[in-house]
Amino acid sequence: MEEKVSLSLFYLGLVVTLIAILLSGAVFSLAYRDQVEQDLQRQGELLSCAYEDLPDDAALQKFATNDLRITLIAADGVVLFESQANADTMTSHLDRPEIVQALATGVGAGRRTSDTIGAVEYYYAKRQSNGNVLRISMLAQSVLQIYGRAAPYLVGIFFLLLALSVAVAVLLTRRLLRPIRRLPAILDNPDAGATYPELVPLVQELRAQRAAREQMRQEFTANVSHELKTPLTTIGGYAEMIETGMAKGEDVGRFAGKIRKESDRMLTLITDIIRLSRLDGAPEEPHTESVDLREIADGCAETLAQSALARSIRMSVTGEHTTITGNHSEIWEIVYNLTDNAIRYNRDGGSVELIVTPKAITVRDSGIGIPPEHQARIFERFYRVDKSHSRATGGTGLGLSIVKHAAERNGAQITLHSTVHIGTTITVTFP
Ligand code: ADP
């Protein structure tokens, strides 16, 4: 952004400089032309006065210089005197506009560009009391010549202004961006300074988001601690009974079994937390793998076949092989968690269907269903409709938040239909 702003300012400076040089050149050359014309007129008037008192026409020669050319023309166009050439060889001057004008109105002026030397000749002609026309002329530089002579200066000025506009662009950009650069500091500390009023809503929004994230993290930490504390307390209790000898005989084995069950639960919870935190971070694997949904559905059904069988739940997979683009292990995670829930929140002898359609997979169960008031929240971390049921079936409360996260990362949409006592249908549609 800084580079872009700097460059824009620099280009602006460049264009303004060029326009300024061209315009001031044009104005200057106009003023110069005016000046030449005025000078010529003044000298013409002076010479005209002097002419009245001259003994003869040839005496005009002493007023002529290298720059100032003097011509005297009779009313019939014949050249009577010419300071820079021989008047006798010259043709009639009645075709010169300034002479015609002077003969008609008393004075005439004009200028002609000489193609051969690129200069401009200025003329001033005045009719004298004896009827002759006295004309003086002067060669002046054309606008282009003036530019040419001024070129080294102009180039110098141009580069100076260029350097100046670079410096101004850099400084101005720094100043413009300072309130934006300050944003992180302002986010941390409202007293860190002011930013642009236009950015205040953004700062407020970011602060609110940050506060929400912070709260979520705190809640998550509190939940995790609580979830870990429960099995640990149980483990501690059973271990103590064994330690103090309160548990005798076959109780020891039973308690050890409970200890193992609780530690299994902790392990599952920790595994889920690790999965979730991986889903929070940057993707480790690409999301551009070709994933066969049918293959994943078959794999999950096979992996979970044992737990379905234990409750006489019929499991079926239907649909053609269809490939989508995404991350294989994350999509496996989605299907696995949905199928696992469909079994755990089912009734004995119920059914679970995995239906693969192009770009989507549906998991349908004939289970306990989810009451409408809970449906919006079950994807939150640790949210459970019935905590004891979830715990009893080995749930952690994180399964659906893993599903939601993984779906988001693969650009998938989740839709949920559930009726209490009838069952639940969850469809994940991939882009
Ligand atoms: P858990 O580990 O408790 O299953 P989940 O995040 O997977 O956590 O699910 C959150 C809650 O949503 C569950 O506790 C359960 O109450 C409800 N739930 C999820 N799937 C189903 C389902 N297929 N049928 C009924 N309730 C479900």
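Start by selecting Phe382, which sits in the loop between helix 10 and helix 11. You are looking at a predicted model, so treat each stop as a feature of that prediction. Show the backbone here: Phe382 is not a glycine, yet its phi is positive, at about 65°. That is worth a pause, because most residues other than glycine have a negative phi. Now turn on the surface. Is Phe382 buried or exposed? With a relative accessible area of 9%, Phe382 is buried, because the cut-off for that class is under 20%.

**One residue back in the loop**

Stay in this loop and select Arg381, then add Asp280 to the selection. The two form a salt bridge, and their closest N and O atoms are 3.0 Å apart. Asp280 belongs to helix 6 (residues 250-280), while Arg381 is in the loop between helix 10 (372-375) and helix 11 (387-392), so this pair ties together parts that are 101 residues apart in sequence. Colour both by accessibility: Asp280 is partly exposed at 46%, and Arg381 is also partly exposed, at 22%.

**Another positive phi**

Next, go to His421, in the loop between strand 11 (413-419) and strand 12 (423-429). What is the phi of His421? The value is near 70°, which is positive in a residue other than glycine. His421 is exposed, with 67% relative accessible area, whereas Phe382 is buried.

**Across two strands**

Select Glu353 and Arg364 together. Here is another salt bridge, with 4.0 Å between the closest N and O atoms. The pair links distant parts of the chain, with Glu353 in strand 9 (residues 351-357) and Arg364 in strand 10 (residues 360-365), eleven residues apart. Both ends can be seen on the surface view: Glu353 is partly exposed at 28% relative accessibility, and Arg364 is partly exposed at 35%. While you have charged side chains on display, add Arg69, Glu82 and Glu121, which are joined into one network by salt bridges that share partners.

**Neighbours in sequence**

For a salt bridge between adjacent numbers, select Asp95 and Arg96. Their closest N and O atoms are 2.8 Å apart. Which class does each side fall into? Arg96 is partly exposed at 23% relative accessibility, while Asp95 is exposed at 56%. If you would like to keep exploring this kind of contact, the structure holds 24 salt bridges.

**Helices that cross**

Switch to a cartoon view and select helix 1 (residues 2-52) along with helix 3. A pair of packed helices is described by the angle between their axes and the distance between the axes. For helix 1 and helix 3, the axes come within 7 Å and cross at roughly 150°. The two are therefore roughly antiparallel, a label used for angles over 145 degrees. The crossing of helix 1 past helix 3 is right-handed.

Then select helix 7 (residues 293-303) and helix 9 (residues 328-344). How do their axes meet? They come within 9 Å and cross at roughly 50°, so helix 7 and helix 9 are oblique to each other. Helix 7 also passes helix 9 in a right-handed crossing.

**From helix 9 to Ser390**

Keep helix 9 on screen and pick Arg344, which is found in it. Arg344 is buried, with a relative accessible area of 12%. Now measure from its C-alpha to that of Ser390: the two residues are 46 apart in sequence and 8.2 Å apart in space.

You can try a similar distance at Thr234, in helix 5 (residues 200-243). Thr234 is partly exposed at 26% relative accessibility. Its C-alpha and that of Ser263 are separated by 9.7 Å, with their positions 29 residues apart along the chain.

**A nonpolar patch to finish**

Finally, return to helix 3 (residues 143-181) and select Val168, which is found there. At 43% relative accessibility, Val168 is partly exposed. Which residues join Val168 in a nonpolar surface patch? Add Tyr153, Ile157, Leu161, Leu164, Leu172 and Leu176 to the selection. Together with Val168 they have about 640 Å² of accessible area.

Technical notes:
Residues are numbered from 1 along each chain as its sequence is written. This is a predicted model: local features need pLDDT of at least 70, side-chain atom pairs count only at pLDDT 80 or more; totals for chains, interfaces and linings use all residues. Side-chain values use heavy atoms; hydrogens and water are left out. Patches are made of residues with over 30% relative accessible area and no salt bridge: like charges are joined within 9 Å, nonpolar side chains (Val, Leu, Ile, Met, Phe, Trp, Tyr) within 5 Å. Accessible areas come from the Shrake-Rupley method with a 1.4 Å probe; for residues, only the protein chains shown count as cover. Helices (H or I, at least four residues) and strands (E, at least two) are DSSP runs, numbered from the N terminus. Buried means under 20% relative accessible area, exposed over 50%, partly exposed in between (1.4 Å probe, protein chains only). Axes are lines fitted to C-alpha atoms, for helices over the stretch in contact, and angles run from 0 to 180 degrees between N-to-C directions. Angles under 35 degrees count as roughly parallel, over 145 as roughly antiparallel, 65 to 115 as roughly perpendicular and the rest as oblique. A crossing is left-handed if the near helix is turned anticlockwise from the far one by less than a right angle, and right-handed if clockwise.
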